[in-house]
Amino acid sequence: MTGGHGGMGKAICKELGKTSAIVLAGRNPAKLETAKAELDELGVESDLCKTDIADRAQVQALADYAASLGSVKQIIHTSGVSPSDTGTENIIKINAVGTVNMVEAFYPVLAKDGVMINFASVAAYTMPQTDEWTEAFEAWNEPNFYDRLLSHAHASEAHRQSTGNCRKSAGADSGRTLGPSL
């Protein structure tokens, strides 16, 4: 469980912990310890593994550790950062590359009847949608993928800082009604 010390992750841990042992993973040891103490009080068996999901080697170590404990049947990935307090480069490293790292490390150890759930962030919607971004993501399997993303991230970050976090969609008018989008 990545992000198991946050609100959504902790709620999931409390439910899954009724029938499964939990491995809590995250970058902040103090938050992990606090979450573990809360889970311990509920009788949930949990282990801690300090992990930065943006670091492929740390994610592989997490997968190896989880597999060493027994059958890996549920992988819940809730870690992510917000553009309100994180720069574009770190959003890409954590929200995008981190998710790829999780899938690549855990897929080989996932039990045949297991499931992996990746929660997504809306952070990508704060970046301008450009042809360059589209082309960069279409090249996801190429060796220079991450470098291309970072070059676009730097350009987007500069644009975001110069215009603020708000942007108007093409054809938008001031008289439209705003509401939830599904």
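# Close-up views of a predicted α/β chain

Among contacts between residues at least 6 apart in sequence, 62% join residues at least 24 apart in this chain, shown here as a predicted model.

**Figure 1. Overall organisation of the chain, with 6 helices and 4 strands.** Read from the N terminus, the elements follow the order α-β-α-β-α-β-α-β-α-α. The chain comprises 182 residues, of which 35% count as buried. The views that follow take up two strand pairings, three individual residues and one pocket.

**Figure 2. Parallel pairing of strands β1 and β2.** Strand β1 spans residues 22–26 and strand β2 spans residues 46–50; 5 bridges connect them in the parallel sense. One of the residues involved is A25, whose bridge partner in β2 is C49. Between the two strands the chain passes through helix α2, residues 29–41, and the resulting β-α-β crossover is right-handed.

**Figure 3. Parallel pairing of strands β3 and β4.** The two strands are joined by 5 bridges. Strand β3 covers residues 72–77, and β4 covers residues 110–118. H77 has N118 of β4 as its bridge partner. Together with helix α4, strands β3 and β4 form a right-handed β-α-β unit. Helix α4 itself extends over residues 88–106.

**Figure 4. Surroundings of G4, in the segment before α1.** G4 has a relative accessible area of 0% and is therefore buried. Leaving aside residues up to four places away in sequence, G4 touches G9, K10, C13, L24, A25, A35 and T78. Of these contacts, G9, K10 and C13 fall within the range of helix α1, residues 7–16. L24 and A25 fall within the range of strand β1, residues 22–26, and A35 within that of helix α2, residues 29–41. The C-alpha atoms of G4 and G26 lie 7.5 Å apart, with 22 residues separating the two positions in sequence.

**Figure 5. Surroundings of V23 in strand β1.** V23 counts as buried because its relative accessibility is 13%, below the 20% limit for that class. Beyond residues up to four places away in sequence, V23 touches M1, D47, C49, L62, Y65 and L69. Two of these contacts, D47 and C49, belong to the range of strand β2, residues 46–50. L62, Y65 and L69 belong to the range of helix α3, residues 56–69. Although V23 and L62 are 39 residues apart in sequence, their C-alpha atoms are 8.8 Å apart in space.

**Figure 6. Lining of the second largest pocket, with a volume of about 480 Å³.** Among the 22 lining residues, A21, I22, V23, S71 and Q74 are the closest to the centre of the pocket. At least two lining residues are supplied by each of α1, β1, α3, β3 and α4. Strand β3 provides the largest share, 5 residues. By residue class, the lining consists of 14 nonpolar, 5 polar and 3 charged residues. V23, one of the residues closest to the pocket centre, is also the buried residue of strand β1 shown in Figure 5.

**Figure 7. Y107 in the loop between α4 and β4.** Y107 has a relative accessibility of 64% and so counts as exposed, the limit for that class being over 50%. The loop that holds Y107 lies between helix α4 and strand β4, which are both part of the right-handed β-α-β unit shown in Figure 3. The C-alpha atom of Y107 is separated by 9.6 Å from that of I75, and the two residues are 32 apart along the chain. I75 falls within the range of strand β3, residues 72–77.

Conventions. Residues are numbered from 1 along each chain as its sequence is written. This is a predicted model: local features need pLDDT of at least 70, side-chain atom pairs count only at pLDDT 80 or more; totals for chains, interfaces and linings use all residues. Side-chain values use heavy atoms; hydrogens and water are left out. Two strands pair if DSSP finds at least two bridges between them. A crossover is right-handed if, with the strands pointing away from the viewer, the path from the first strand over the helix to the second runs clockwise. On a 1 Å grid over the protein atoms alone, a cavity is a set of points where a 1.4 Å probe fits but cannot get out, and a pocket is an open set with protein on both sides within 12 Å along at least five of seven lines; lining residues have an atom within 4 Å of a point. Grid points are joined across faces, edges and corners, and a volume is the space filled by probe spheres set on the points. Ala, Val, Leu, Ile, Met, Phe, Trp, Tyr, Cys and Pro count as nonpolar, Asp, Glu, Lys and Arg as charged, and the others, Gly among them, as polar. Buried means under 20% relative accessible area, exposed over 50%, partly exposed in between (1.4 Å probe, protein chains only). Contact means heavy atoms within 4.5 Å.
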